[in-house]
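User: I have a few questions about a ligand site and the spaces around it. Please tell me how each label is earned.

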Amino acid sequence: MSDTFVRPFPALTPAQRYHLDVFGYVVIENTLTTIEVERLLDAMQQLKADLIAAGEGGVVRGCRLSARHEHHCHFAHILEADPAIYDYLTHPRLVGLAEELVGGSVRLEESEAVINHRPDPAPALDAPYGFHTGTMPDQGTYTENGLFHCTFVKTLTNLTDLGPDDGGTVCIAGSHKIKAPREQIIACAEEDRSLVHQVIAPAGSTLLFGESLIHATGHIRSDRERVIVIGGYTPTMFQAWNGQEPSAAFVEAAEPRHRALLSGSDRWNWQRQHRTLDMPVHQDAD
Ligand SMILES: O=C(O)CCC(=O)C(=O)O
């Protein structure tokens, strides 16, 4: 095993990068192997069972349920809960994807997961989405080499297959750059639903996006349960999300090459790195 944490750069092909710039997101299919997906699924189902058993407000291996409904569980701070999750959040290619969009070295800002299924009654076809953002154009975004960058980035990986009725993440294409009031952009997308794009991808695929993109959980209409795991990344000098700072004991026990990623200990020693559109993908990245 290498002592250094080697990540691909650039992690996207020029076409993937162009897609990301135009729409605010890109889906990369099969970033995880079937074995990695199964291991993560087992970890998430075990974590869910343990948190349900722990009861309201329970904390299990550092993780808590920030939403706890019969049809929708949202998990906050999954990092410390299972080695499979640690491996996901430190996956070199996925961290490389986040770094490409941030435009330099990153720290883990948060780790989350969602397990959900169709509510009863099922949502109507035109039911509104819970659209939101984590940052906004200009405040959390910038341009370098003519390409879009964001200081708050997510890698969201589905562990279950996502067809059109399986509730894949939805977003308003191109909203990552539009500095107009969010409600006005959402009104446009409600009028013209072709502006709403949805993740449809086989299990083990990763949605990469910057949090200035207006996005939401999709509506599930099928019988299939959806399981997703999410890493949030920021430049090294930024803070973790509230309540998402890893414990000192966990960082101490982590592999030395991952400690700065997990703890943000590089702080202002941020390593900028910006591609040009024509740079070929790092050959091990695809
Ligand atoms: O459940 C989803 O697909 C959306 C997750 C989300 O909104 C987020 O990670 O910010």
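User: Which strands supply at least two residues of the shell around the ligand?

Analyst: Strand 8 (153-158) and strand 13 (226-235) do. Strand 13 gives the most, with three residues. Strands here are DSSP runs of E, at least two residues, numbered from the N terminus. This is a predicted model, where local features need pLDDT of at least 70, side-chain atom pairs count only at pLDDT 80 or more, and totals for chains, interfaces and linings use all residues. Residues are numbered from 1 along each chain as its sequence is written, and side-chain values use heavy atoms, with hydrogens and water left out.

User: What makes a residue part of the group around the ligand?

Analyst: One of its heavy atoms must lie within 4 Å of the molecule. Among the residues around the ligand are Glu112, His132, Lys154, Arg226, Ile228 and Ile230. By class, the shell has three nonpolar, four polar and four charged residues. Asp, Glu, Lys and Arg count as charged; Ala, Val, Leu, Ile, Met, Phe, Trp, Tyr, Cys and Pro as nonpolar; the others, Gly among them, as polar.

User: Why is the pair between Thr169 and the ligand called a polar contact?

Analyst: The term needs a pair of N or O atoms within 3.5 Å. A ligand oxygen is 2.5 Å from an N or O atom in the Thr169 side chain, so the pair qualifies. The Thr217 side chain has a polar atom 2.7 Å from a ligand oxygen. For the side chain of Glu211, the distance from an N or O atom to a ligand oxygen is 3.2 Å. Taken alone the ligand exposes 290 Å², and the protein buries 94% of that. These areas come from the Shrake-Rupley method with a 1.4 Å probe.

User: How do you know that the ligand sits in the largest pocket?

Analyst: More than half of its atoms must lie within 2 Å of the pocket's grid points. The ligand sits there, so that condition is met. A pocket is an open set on a 1 Å grid over the protein atoms alone, with protein on both sides within 12 Å along at least five of seven lines. The largest pocket has a volume of about 370 Å³. Of its 22 lining residues, the closest to its centre are His74, Glu112, His132, Lys154 and His215.

User: What makes a space a cavity instead?

Analyst: A 1.4 Å probe fits at its points but cannot get out. The structure holds one cavity of 30 Å³ or more. The largest cavity has a volume of about 50 Å³. Its lining includes Tyr25, Cys171, Phe209 and His215, and divides into seven nonpolar, four polar and no charged residues.

How values were computed. A polar contact is a pair of N or O atoms within 3.5 Å; within protein, one must be able to donate a hydrogen and the other to accept it, and residues adjacent in sequence count only if both atoms are side-chain atoms. On a 1 Å grid over the protein atoms alone, a cavity is a set of points where a 1.4 Å probe fits but cannot get out, and a pocket is an open set with protein on both sides within 12 Å along at least five of seven lines; lining residues have an atom within 4 Å of a point. Helices (H or I, at least four residues) and strands (E, at least two) are DSSP runs, numbered from the N terminus. Grid points are joined across faces, edges and corners, and a volume is the space filled by probe spheres set on the points.
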